[in-house]
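Reader: I have a fold on my screen and would love a guided look at it. Could you walk me through a few residues, one question at a time?

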Amino acid sequence: MSGRAGMGELESAVMGALWAADRPVTVREVMSNLSDRDPAYTTVMTVLDRLAKKGLAQRERDGRAWRYTAASTREELTATALRSTLSALEGPSRKAALLHFLDGASPDEIADLRAALDDLD
């Protein structure tokens, strides 16, 4: 698995283009934001269609074309993936997974986590 939330590399790049856009975008506009790649129009169109079917992107008709937006923010999608992974574990296993995750966390990540927990209080 190379990308976020079980996405392939191209799917992750396309989602990055959707998150970078401040409005619904066409397939060609997504392609223009994939400057380090040169995928075919139909490849990007297929990826966007798959992302829409997975519920990760939304599309709306604009004449003969579709315009796409991300269905959620990058942060919301990351939280959903983490929550989904943890929900498969119960009791001690969930706690052990969290401790393994935190064991590899950087001091900055620990500080961010502490600040987030303080915000919840």
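Reader: Which residues is Val-30 in contact with, leaving aside its neighbours within four places in sequence?
Author: Happy to start there. This is a predicted model, in which local features need pLDDT of at least 70, side-chain atom pairs count only at pLDDT 80 or more, and totals for chains, interfaces and linings use all residues. Residues are numbered from 1 along each chain as its sequence is written, and side-chain values use heavy atoms, with hydrogens and water left out. With contact meaning heavy atoms within 4.5 Å, the partners of Val-30 are Val-14, Ala-17, Leu-18, Val-25, Val-44 and Leu-48.

Reader: Which element gives the largest share of the largest nonpolar core?
Author: A nonpolar core is a set of buried Ala, Val, Leu, Ile, Met, Phe, Trp, Tyr and Cys residues joined through side-chain atoms within 4.5 Å. The largest one has 20 residues, and Val-30 is among those with the most contacts inside it. Two or more residues come from each of H1, H2, H3 and E2; helices are DSSP runs (H or I) of at least four residues, strands (E) of at least two, numbered from the N terminus. The largest share, six residues, comes from H1.

Reader: Is Glu-11 buried or exposed?
Author: Glu-11 sits in helix H1, residues 9–20. Buried means under 20% relative accessible area, exposed over 50%, and partly exposed in between (1.4 Å probe, protein chains only). At 12% relative accessibility, Glu-11 is therefore buried.

Reader: What separates the C-alpha atoms of Thr-69 and Gln-58?
Author: Thr-69 belongs to strand E2, residues 65–70, and Gln-58 is one of its contacts. The two are 11 residues apart along the chain, and their C-alpha atoms are separated by 5.3 Å.
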